[in-house]
Amino acid sequence: MRRLVVKVWEFPVRAMHWTNFLAIVGLCITGAYIHYPFLSTPRGPAPWLMGYARYIHFICGWALMIGLLARWLWSFIGNKYASVKEFFPFFYASRRRDLLDVVQYYLFGKRHLPPHLGHNAMASVAYLLFFGLMWFQVVTGFALFGQYDLHGTAYRIFGVVLEVFGNGWIRLAHYFVLFVVFSFVIVHLYAMWVSDLAERDGTAGSMFSGYKYGPLEEFADLDHRPWKSFDDRRRGGT
Ligand code: HEM
């Protein structure tokens with residue numbers, strides 16, 4: 001079978017993905033420590049350990065906010081795979097059908113994923129929700145941060161959520177998202193490996209290289225030139 005190799009993820013998309021990834025890892029580790037400072041004892045750990053944890057949390061918080069903003073802007077200027085339209089499959093009849101097919105595929109009701117090069121329709125919905133959740137963390141995080149200075153900019157912009165919902169609920173929600181992030185990571189990695197191994201579409205490596213593979217006939221209507229095509233049999237394909 002002849003397969004195409006297509007440049008799907010441009011460099012800025014990959015750079016933002018890994019920036020957001022590093023920021024989220026830093027936020028989860030330091031956030032968990034802020035919640036449960038297991039190294040703090042009456043005799044104390046190294047001085048300022050909690051201070052460092054919070055300092056790193058806030059730096060990663062800034063990185064996440066900038067990463068999210070940049071990715072949002074890129075969805076208007078990047079290629080079609082990065083486009084804002086990709087994240088709203090329910091607005092397009094064909095992608096609504098794809099969405100059902102992908103759900104069936106992951107429930108073992110279909111043998112193959114519908115052909116796609118960017119995100120599959122279910123991944124699009126998952127990333128839309130995840131980006132929304134990360135914005136929620138930015139808003140609640142900066143609101144909590146704003147409490148250190150009630151006359152500061154952070155409180156003036158984000159403090160309204162504390163006034164509406166109260167500090168307790170916002171803090172609880174901000175903490176709860178930690179577990180949603182853990183769950184997301186497990187599902188994200190599983191879905192990525194299934195797609196990569198079963199469909200052999202290069203998903204796993206694509207966020208490093210930018211390239212994905214697809215069978216030639218499925219992408220006959222590709223509106224841009226593939227990077228190259230190759231004979232799958234030489235790689236052990238059928
Ligand atoms: C993936 C995103 C994030 C996760 C998983 C996360 C996780 C956490 C957790 C678990 C806590 C401890 C909550 C508690 O025990 O009450 C916390 C506290 C906090 N987070 Fe986040 N956070 C994230 C994003 C952010 C962002 C973007 C900011 C913005 C600067 C931020 C600012 C804060 C602040 C100010 C606190 C309270 C720290 C304190 O009072 O000592 N967080 N976060």
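The legends below describe close-up views of a predicted model.

**View 1. The overall fold of the protein combines 8 helices with 3 strands.**
Starting at the N terminus, the order of elements is β-α-α-α-α-α-α-α-α-β-β. The protein has 238 residues, of which 21% count as buried. Taking contacts between residues at least 6 apart in sequence, 65% join residues that are at least 24 apart.

**View 2. The shell around the ligand holds 24 residues.**
Those that come nearest to the ligand are Gly-31, His-35, Gly-61, Gly-141 and Leu-144. Four elements give two or more residues each to this shell: helix 1 (11–35), helix 2 (49–77), helix 4 (121–146) and helix 7 (167–199). Of these, helix 1 gives the most, with 7 residues. By class, the shell is made up of 15 nonpolar, 7 polar and 2 charged residues.

**View 3. Helix 2 and helix 4 cross at roughly 135°.**
The axes of the two helices come within 10 Å. An angle that is neither under 35 nor over 145 degrees, and not from 65 to 115, counts as oblique, and helix 2 and helix 4 are therefore oblique to each other. Their crossing is left-handed.

**View 4. Residues of helix 2 meet residues of helix 4.**
On the side of helix 2, the residues in contact are Phe-58, Gly-61, Leu-64, Met-65 and Leu-68. Helix 4 meets them with Phe-131, Met-134, Trp-135, Val-138, Gly-141 and Phe-145. This contact has 9 nonpolar and 2 polar residues, and no charged ones. Gly-61 and Gly-141, which take part in the contact between the helices, are also among the residues that come nearest to the ligand. Helix 2 and helix 4 both give two or more residues to the shell around the ligand.

**View 5. Phe-108 lies in the loop between helix 3 (93–106) and helix 4.**
Phe-108 is not a glycine, yet its phi is positive, at about 65°. Is this residue buried or exposed? A residue counts as exposed if 12 or fewer other C-beta atoms lie within 10 Å of its own. Phe-108 has 7 C-beta neighbours inside 10 Å and so counts as exposed.

Notes:
Residues are numbered from 1 along each chain as its sequence is written. This is a predicted model: local features need pLDDT of at least 70, side-chain atom pairs count only at pLDDT 80 or more; totals for chains, interfaces and linings use all residues. A residue is buried if 20 or more other C-beta atoms lie within 10 Å of its own, exposed if 12 or fewer, and partly exposed in between; C-beta atoms are placed from the backbone. Two residues are in contact if their C-beta atoms, placed from the backbone, lie within 7 Å. A residue is near a molecule or strand if its C-beta atom, placed from the backbone, lies within 6 Å of it. Ala, Val, Leu, Ile, Met, Phe, Trp, Tyr, Cys and Pro count as nonpolar, Asp, Glu, Lys and Arg as charged, and the others, Gly among them, as polar. Axes are lines fitted to C-alpha atoms, for helices over the stretch in contact, and angles run from 0 to 180 degrees between N-to-C directions. A crossing is left-handed if the near helix is turned anticlockwise from the far one by less than a right angle, and right-handed if clockwise.
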